[in-house]
Amino acid sequence: MTGSLQHRDYPLEAWYAAAWDVEAKPELLARTICDTPIVLYRRSDDRVVALHDECWHRMLPLSMGTLVGDELRCGYHGLRYDGFGQCVFMPWEDKPRPDACVRSFPAVERHRLIWLWMGDPRKADPALIPDLHWNDDPGWAADGRVSRVGCNYKLLIDNLLDFSHENVVHGSDEDIGFLPDPPIREQRSVSVALRQENVEAPPFWQRELGSTDNVDRWLISRFVLPSIVTTEVGVAPTGAGGLTGNRNASLSGFVLSAVTPETAVSCNYFWSFSRDFRLRSQALTSTLRERVASIFEPDQVVLEAQQCSMERNPGRDLRNINVDSAVRIARELIEEALLEEGRLAQPR
Ligand code: FES
Ligand SMILES: [Fe+2]
C-alpha cells in the first residue's frame with residue numbers, strides 16, 4: 001500500500017499552502033489544490049479571497065474573468081461574485097437568484113503564505129495552521145519560491161525525509177556513511193536526525209564561522225501532517241552543546257517545505273531557506289535561495305521520472321529498506337489521517 005497510485009490520497013481536513021503572500025494581488029490567480037480549481041485574489045482591505053474556479057452559470061473558470069473593485073466578474077456573461085462567492089449581479093434579471101453562488105474556501109495569511117482549508121469549513125481552525133514562523137520571524141532571514149513538480153506529493157515528502165540520496169543525486173563529496181538516529185514519531189509528526197561530532201566544517205560554514213576548527217553538525221528533518229517538512233542544518237564549535245540543542249554558539253538554517261497536492265500526479269512545492277545569522281545581508285538571502293533552487297533541480301528530475309515509472313506500473317508498490325524508516329512513518333501518519341476522515345478502507 002505504500003506506493004501505488006491513488007487518487008485523492010491526501011487529508012482534506014487540513015490547511016494547505018496555496019500561494020506566497022506576494023503572489024496574492026488584486027488580480028486573479030488560478031491554482032489547483034487537492035484536485036479542486038481555485039481562483040485567488042486580494043481584496044482592497046488586504047484580505048485574500050479563494051473561490052471555486054467555476055462559474056455557477058455555465059462553468060467558465062472564473063479566473064478568466066476580471067476584478068471590478070472587490071467583485072469578480074465572470075468572463076462569459078458577466079455574473080459578478082463577492083468575496084464570499086455569492087452572486088451579486090446577474091445581467092437581464094431584476095436581482096441575482098439566491099442560489100447563485102460558488103464555494104468559497106477559508107483563507108488565512110500566515111508566515112508569508114496563504115493557507116486554504118480544503119475540508120469542512122466549520123472545522124477550519126487557524127490554530128491548526130502548520131508552524132513555519134521561520135519565514136517571517138525577526139530572528140531569522142528567509143526567502144523562497146514555489147515550484148510545480150510533476151509527481152504525487154508523497155514522493156516529494158519521501159525525498160525531503162531521506163538523507164541517503166544526498167551523495168547519489170547531489171554528488172556531494174561527503175560520505176554520509178552512517179545511519180541517522182532512529183526516527184522519533186509523535187502524534188502528527190516524525191523527526192529524523194543525523195548528528196556528527198568533531199568533524200571538519202564544509203567551506204560555506206567555515207566562512208560563516210570565520211574558523212577552520214572542527215565543529216559539531218546536525219541535520220534534522222521533521223514531517224508534520226498533512227504535508228510539511230522542516231529540515232534544520234546547523235553547526236557549532238565542537239563541544240559547545242549544539243548537538244544537544246544549545247543554539248547559543250551555533251549557526252543554523254532551515255529548509256522549509258510546504259507540499260500542496262495539485263492532482264494525483266503533481267504538486268506545488270512552496271520552499272524557502274531561513275537562517276539565523278547575517279540577517280541583514282539581502283545578498284546572502286538571495287544567494288541561499290538560488291542555491292536551494294539549484295540543489296532541488298536534480299531531485300525534480302528523479303521525482304518526475306519516478307512518477308512516470310509508477311504510472312506505467314499501476315498497483316506496483318514501492319519498497320522500503322533501512323533508509324526509508326522515517327518515510328514509512330510519514331506515510332503511516334498520512335494513512336491514519338485518511339482513515340480518520342473515513343477515506344481509506346480499514347486495514348484487514
Ligand atoms: S458562464 Fe459565467 S456568467 Fe455565464
Ligand atoms: Fe535532494
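Trainee: Which residue does arginine 31 form a salt bridge with?
Mentor: Arginine 31 pairs with glutamate 23, and the closest N and O atoms of the two are 2.9 Å apart; a salt bridge here is a side-chain nitrogen of Lys or Arg within 4 Å of a carboxyl oxygen of Asp or Glu. This is a predicted model, in which local features need pLDDT of at least 70 and side-chain atom pairs count only at pLDDT 80 or more, while totals for chains, interfaces and linings use all residues. Residues are numbered from 1 along each chain as its sequence is written, chains are lettered from A and ligands numbered from 1 in the order in which they are written, and side-chain values use heavy atoms, with hydrogens and water left out.

Trainee: Is arginine 31 buried or exposed?
Mentor: Arginine 31 counts as buried because its relative accessibility is 14%, whereas glutamate 23, at 21%, counts as partly exposed. Buried means under 20% relative accessible area, exposed over 50%, and partly exposed in between, with a 1.4 Å probe and protein chains only.

Trainee: How many salt bridges are there in the whole structure?
Mentor: The search finds 23. One of them joins aspartate 143 to arginine 112, with the closest N and O atoms 3.4 Å apart. That pair links distant parts of the chain, since aspartate 143 sits in strand 11 (residues 141-149) and arginine 112 in the loop between strand 9 (107-110) and strand 10 (113-117), 31 residues apart; helices (H or I, at least four residues) and strands (E, at least two) are DSSP runs, numbered from the N terminus.

Trainee: Which residues are joined with those two into one network?
Mentor: Through salt bridges that share partners, Asp21, Arg145, Arg289 and Glu290 belong to one network with Arg112 and Asp143. Aspartate 143 itself counts as buried, at 17% relative accessibility.

Trainee: Switching to the metal, what holds the iron ion (ligand 2)?
Mentor: Its protein donors are His165 (NE2), His170 (NE2) and two OD entries from Asp299, lying 2.1 to 2.4 Å from the ion. Donors are N, O and S atoms within 2.8 Å of the metal (3.2 Å for Na, K and Ca), and water is not among the atoms, so sites may look incomplete.

Trainee: And what is the geometry of that site?
Mentor: The site is irregular, with angles of 55 to 140° among the 4 donor atoms. Four donors count as tetrahedral if all angles lie between 85 and 135 degrees; four count as square planar and six as octahedral if opposite donors are over 155 degrees apart and all others between 65 and 115; anything else is irregular.

Trainee: Where in the chain are histidine 165 and aspartate 299?
Mentor: Histidine 165 lies in the loop between helix 1 (153-160) and helix 2 (166-170), and aspartate 299 in helix 4 (residues 282-312), 134 residues apart. Histidine 165 is buried, with a relative accessible area of 12%, and aspartate 299 counts as buried at 5%.

Trainee: Different topic: how many disulfides does the structure hold?
Mentor: It holds 0, a disulfide being a pair of cysteine sulfur atoms within 2.5 Å. For cysteine 34, the nearest cysteine sulfur is that of cysteine 267, 11 Å away, and cysteine 34 is buried, with a relative accessible area of 1%.

Trainee: Why is cysteine 101 without a bond to cysteine 87?
Mentor: Because the sulfur of cysteine 101 is 9.1 Å from that of cysteine 87, the closest cysteine sulfur, which is too far for a bond. Cysteine 101 counts as partly exposed, at 37% relative accessibility.
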